[in-house]
Each structure stands twice: as C-alpha cells, then as structure tokens.
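Welcome, and please open the viewer. This tour moves from one selection to the next and says what is there at each stop.

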Amino acid sequence: PTHAEYGTLYTAIGGTGIAGTKLKSTRGWSNSGNGTDNYEFSVLPAGYRYDIGDFVSQGHDADLWSASENNRYYAWDENFGYSYANVSRDIIYHKDYAFSVRCVKD
C-alpha cells in the first residue's frame with residue numbers, strides 16, 4: 001500500500017492514535033502488548049533488519065514499508081510497537097533496512 005492508502009485505512013478505523021491496537025495480532029507481542037486485531041489485518045511483531053544485517057526488535061516492533069518514496073534513499077514506514085496503541089508514520093529509515101511488506105489486491 002501507498003502512504004495515502006495506509007492513511008485511508010487508519011482514518012476508516014478511527015485514526016492513527018488507536019490503529020495500532022486494532023490492527024495488531026492478538027498474540028506474539030512482548031509485555032502484554034497484543035492487539036485486538038478487529039479487522040483481521042494481523043500485524044505481527046517481526047522486528048526488522050538493520051542495513052548491516054543484524055535482526056532486532058522481534059516481539060517488540062513491526063515496521064511495514066509503504067510503496068511511497070520520500071526520495072531515492074528513503075520511503076515511508078508504518079511502525080507498530082508493543083507499548084503503544086498508535087501507529088507511527090515516518091521516513092527516518094534508509095531503504096537498506098529490511099521491513100515487512102503488505103500487499104494490496106487490486
């Protein structure tokens with residue numbers, strides 16, 4: 001999905017302030033950070049891979065790339081964490097990082 005398509009999803013379910021909880025899977029998140037998975041989106045806490053190859057944050061975070069670039073080095077990312085209900089949307093990670101990807105069926 002594009003950055004705009006993720007935004008449409010979050011708006012439809014009540015905004016970024018609560019989307020994390022409603023879209024996260026009901027198990028697998030650290031410290032009782034599981035979601036309610038109201039929409040069967042089932043975001044899993046896969047963590048991510050640094051550009052140097054190390055894997056981190058399994059159980060704590062899920063980062064999903066969007067299909068929207070900021071420039072040739074950065075793209076929008078959607079971040080879900082175990083300790084908060086919101087979704088953080090930013091462009092601070094270089095494309096060399098490995099994040100999870102969701103697909104959209106046209």
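## Start at a hairpin

Begin by selecting β3 and β4, which a hairpin of 5 linking residues joins together. Keep in mind as you look around that this is a predicted model. The two strands run antiparallel to each other and pair over 6 bridges. Turn on the labels and find Asp61, which stands opposite Gly81 in β4. Then move to Trp65, whose place is opposite Asp77 in β4.

How many residues of β3 are buried? The count is 7 of the 9, so β3 is largely enclosed by the rest of the structure.

## Widen the view to the sheet

Next, add β5 and β6 to the selection. Together, 4 strands make an open sheet in the order β5-β4-β3-β6, and the pairing is mixed. Which strands sit at the edges? They are β5 and β6 (100–101), each pairing on one side only.

Look at the β5 edge. Strand β4 (residues 75–81) pairs with strand β5 (residues 87–90) in the antiparallel sense, over 4 bridges. These two strands also form a hairpin, with 5 residues between them. A pair to label here is Asn79 and, opposite it in β5, Ser88.

Now swing over to the β6 edge. Here β3 and β6 pair in the parallel sense over 2 bridges. Trp65 comes up again, standing opposite Val101 in β6. As background, strands of a sheet pair through backbone hydrogen bonds, either parallel or antiparallel.

## Select the helix α1

Leave the sheet on screen and select α1, which covers residues 3–12. Which of its residues are buried? They are Tyr6, Gly7 and Tyr10. Look down the axis of α1 and these buried residues fall within an arc of 105°, so they line one face of the helix. In general, an α-helix has 3.6 residues a turn, so residues three or four places apart point the same way. The buried residues of α1 pack against α2, β3, β4 and β5.

Rotate to the other side of α1, where Ala4, Thr8, Thr11 and Ala12 are exposed. Is Ala4 buried or exposed? Its relative accessibility is 54%, and the cut-off for exposed is over 50%, so Ala4 counts as exposed. Try a distance from here to Ser68: Ala4 and Ser68 are 64 residues apart in sequence, while their C-alpha atoms are 8.3 Å apart in space. Just after α1, stop at Gly14, which takes a positive phi of about 115°.

## Move on to α2

Select α2 (residues 16–23), where Ala19, Gly20 and Leu23 are buried. Viewed down the axis of α2, the buried residues fall within an arc of 100°, so they line one face of the helix. These buried residues of α2 pack against α1, β4 and β5. Keep β4 and β5 visible: α2 lies across both and runs at about 115° to β5.

Zoom in on Ala19. Leaving aside residues up to four places away in sequence, Ala19 touches Tyr10, Ile13, Phe80, Ala85 and Val87.

## Step into the cores

Show side chains for the largest nonpolar core, which has 12 residues: Tyr6, Tyr10, Ile13, Ala19, Leu23, Trp29, Phe41, Val43, Ala62, Leu64, Phe80 and Val87. Which elements give two or more residues to this core? They are α1, α2 and β3 (61–69). A second, separate core has 5 residues, including Tyr48, Trp65, Tyr97 and Phe99. In soluble globular proteins, nonpolar side chains tend to be buried together.

## Zoom out

Finish with the whole chain on screen. Its secondary structure comes to 2 helices and 6 strands, and along the sequence the pattern reads α-α-β-β-β-β-β-β. The radius of gyration is 13 Å, close to the 13 Å that the globule rule gives for 106 residues, so the chain is as compact as a globular protein of that length. Along the principal axes, the C-alpha atoms fill a box of roughly 35 × 30 × 25 Å.

Try colouring by burial as a last view: buried residues make up 37% of the 106 residues in the chain. Among contacts with a separation of 6 or more, 42% are accounted for by residues 24 or more positions apart.

How values were computed
Residues are numbered from 1 along each chain as its sequence is written. This is a predicted model: local features need pLDDT of at least 70, side-chain atom pairs count only at pLDDT 80 or more; totals for chains, interfaces and linings use all residues. Side-chain values use heavy atoms; hydrogens and water are left out. Two strands pair if DSSP finds at least two bridges between them. Buried means under 20% relative accessible area, exposed over 50%, partly exposed in between (1.4 Å probe, protein chains only). The arc is that of the directions from the helix axis to the C-beta atoms. Contact means heavy atoms within 4.5 Å. A nonpolar core is a set of buried Ala, Val, Leu, Ile, Met, Phe, Trp, Tyr and Cys residues joined through side-chain atoms within 4.5 Å. Axes are lines fitted to C-alpha atoms, for helices over the stretch in contact, and angles run from 0 to 180 degrees between N-to-C directions. The radius of gyration is taken over C-alpha atoms; the globule rule is 2.2 Å times the number of residues to the power 0.38.
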